[in-house]
Amino acid sequence: MEFEKALENVWQLMSLKTWIYFVVFVSSQVFMNPHITGLAFIGKTPPFYCKGHKVGGEAYACKEHCEEYVFEADYTSIVTEWNLVCDKAYKASLAQEVLMLGFLIGVLVLGSGSDRVGRLKTLMLCMSILIVLQLLMVVCNSYAMFIVLRFLIGFAIGGYSLSSYCIIIENALPLHRALAGTIGMVTFALGNPVFALMAYFIRDWRILSLFIGILNLPFILMPWFIPESPRWLMTKGRITEAEDALYRFGKMADPSFSRSMVTLSAPSTKDSSKQEKSILDAFRTPEVRRRVLALMFAWFTSSFVYYGLTMDATNQGSNMYMSFALSGLVELPAHLICTLALNRIGRRRTLFLAFLTGGLSCLFVNMTSDSATGLMSPLTLSLIGKMGISMAFNAIYLFSVELLPTVIRNGAMGICSMTARVGGIAAPLLANFGETITFMGFGTAGVLSGLLMLTLPETLGTSLPETIEDVEKYKDVKLKTHSDGATTKALIKT
């Protein structure tokens, strides 16, 4: 039988027990958040003054030829550790840019590698590396060593994030993909309040880094509960292993599950899915190339605007822990709305409206005064923009998975994620040109991305394309009625 039918046979038996396994898997995203956002607290700059030169309530005061700075805080960070203030202040933010650079290289190298060696192997390798690197923070004795560790953490995060998302989406039915993807995004957003709570109780940056690593240790056991992606195994011609993985899920849901319910048809000997594909294959054919280029810009915009609006969360309000927690919680209603919209109005229109909302909100910020109140106040518009871009960041993952063929999916997703990391690096650089230009850049990128999404095909309810030929030959969709009366969209030849 076809893979989609076998997958449907498994999902129709999904029980509470199997959903618990799924939730446990995506919950790793909660503890992946601190690896990325760690500098919010680990790189925090507390009030300081030059020893012997404090005047009244003066803080953040740089003095020429100052030999020692005094920090007024009940926590430590790399700033207090290595006096990264005044002429050395750039080194604190540089650590985040280095992490994003590592992320960029990681998604490119490990994304393609995951297409070759498997999703689960790549995921577990990256998880193991992350744990070791965080534990090494305890013995980090120089800024240079810290920078190297941050780069390697970013590199491992790149491979982990793509592999985990592909495992989830590749093996979900079309009806469940939006929900599955959104659960992953929600758990990542919940990492903000969790990390804020950790930082509140653990005020030493080394111990905090150690705790981040320790919390990831239980997820090393995931291979005992989660098999390799059956869809990836099938595209590699490893039919028996794909059946074993599907059968394992089926037995987990129902002990009486029969192996005959997941017996797969062997692919044609001429099936190009057996051929090894490289990243270059994403640009060799016109339709795949068009999709990849459009998605690259959308991913750049998502990261560019998202991190631009949230990177200084701990500098907002009077309580940096509460502010950081709220910066994640505000995404929850956005993800809820996104899930409903993805399954009701489709992926393409949801992304168009999300990018447009985020982009126009940023543009309107420049049209209002700081004294404005209500809906048109800069704060309100920024929050609306944050919700819009959060929806876009959620939906673009799913849309990309559904637009790209399995044989190059992880590699192509790596390219898209790579451009997102460029956006994450570009956001703080643009901020150096002032608020007006910054919000104009955010808004313009958002509006352009929204319009670009309208040029791509709708994927709601469609089967995932397996090969490059599927994308090149089947570009439109039509409704397909099943025996149970349900309707989904099926690819049709053009």
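**Exercise 1. Decide whether Y247 counts as buried, partly exposed or exposed, and state what surrounds this residue.**

Solution.
Step 1. At a relative accessibility of 25%, Y247 counts as partly exposed, because buried means under 20% and exposed means over 50%. The model is predicted, and the value is computed from it.
Step 2. Y247 belongs to helix α12, which covers residues 239–253.
Step 3. Beyond its neighbours within four places in sequence, Y247 is in contact with F257, S258, R259 and V262.
Step 4. For one of these partners, F257, the separation from Y247 is 10 residues in sequence and 7.6 Å in space, C-alpha to C-alpha.

**Exercise 2. Classify R119 as buried or exposed, and list its contacts outside its neighbours within four places in sequence.**

Solution.
Step 1. The relative accessible area of R119 is 0%, so this residue is buried.
Step 2. R119 lies in helix α7, residues 119–136.
Step 3. Leaving aside neighbours within four places in sequence, R119 is in contact with S114, S163, C166, I167, E170, E228, S229, W232, T406, R409 and N410.

**Exercise 3. Find out how much of the chain is buried and what share of its contacts join residues at least 24 apart in sequence.**

Solution.
Step 1. The chain contains 20 helices and four strands.
Step 2. Of its 494 residues, 54% are buried.
Step 3. Take the contacts between residues at least 6 apart in sequence: 77% of them join residues at least 24 apart.

**Exercise 4. Explain why helix α14 is described as largely enclosed, and name elements that cover its buried residues.**

Solution.
Step 1. Helix α14 spans residues 320–329, and seven of these 10 residues are buried, so the helix is largely enclosed by the rest of the structure.
Step 2. The buried ones are M320, Y321, S323, F324, A325, S327 and G328.
Step 3. Their cover includes α3 (28–37), α4 (39–42), α9 (174–201), α15 (331–344) and α17 (378–403).
Step 4. Helix α1 (residues 3–11) can be treated likewise: seven of its nine residues are buried, and the helix is mostly covered. In α1 the buried residues are F3, E4, A6, L7, N9, V10 and W11.

**Exercise 5. Describe how α15 and α17 cross, and which residues make the contact.**

Solution.
Step 1. Two packed helices are described by the angle and the distance between their axes.
Step 2. The axes of α15 and α17 come within 8 Å and cross at roughly 50°.
Step 3. This angle makes α15 oblique to α17.
Step 4. The crossing of the two helices is right-handed.
Step 5. From α15, the contact is made by E331, P333, A334, H335, I337, C338 and L342. From α17, K386, M387, S390, M391, N394, A395 and L398 take part.
Step 6. By class, nine residues of this contact are nonpolar, three are polar and two are charged.

**Exercise 6. Identify the residues with the most contacts inside the largest nonpolar core, and the helix that gives the most to this core.**

Solution.
Step 1. In soluble globular proteins, nonpolar side chains tend to be buried together.
Step 2. The largest nonpolar core here has 123 residues, and F41, I78, F146, L295 and I396 have the most contacts inside it.
Step 3. Helix α8 (residues 143–170) gives the most to this core, with 13 residues.
Step 4. A second, separate core has 17 residues, including L7, L173, W232 and I239.
Step 5. Returning to the largest core, one of its residues with the most contacts is L295. Not counting residues up to four places away in sequence, L295 touches I396, F399, S400, L403, L404, C416 and L456.

Methods. Residues numbered from 1 in each chain as written. Predicted model: local features only at pLDDT ≥ 70, side-chain atom pairs only at ≥ 80, totals over all residues. Heavy atoms only, no water. Buried < 20%, exposed > 50% of the residue type's maximum accessible area, 1.4 Å probe, protein only. Contact = heavy atoms within 4.5 Å. Core = buried A, V, L, I, M, F, W, Y, C linked by side-chain atoms within 4.5 Å. Axes fitted to C-alpha atoms, helices over the stretch in contact; angles between N-to-C directions. Parallel < 35°, antiparallel > 145°, perpendicular 65-115°, else oblique. Left-handed = near helix turned anticlockwise from the far one by under 90°. Nonpolar A, V, L, I, M, F, W, Y, C, P; charged D, E, K, R; others polar.
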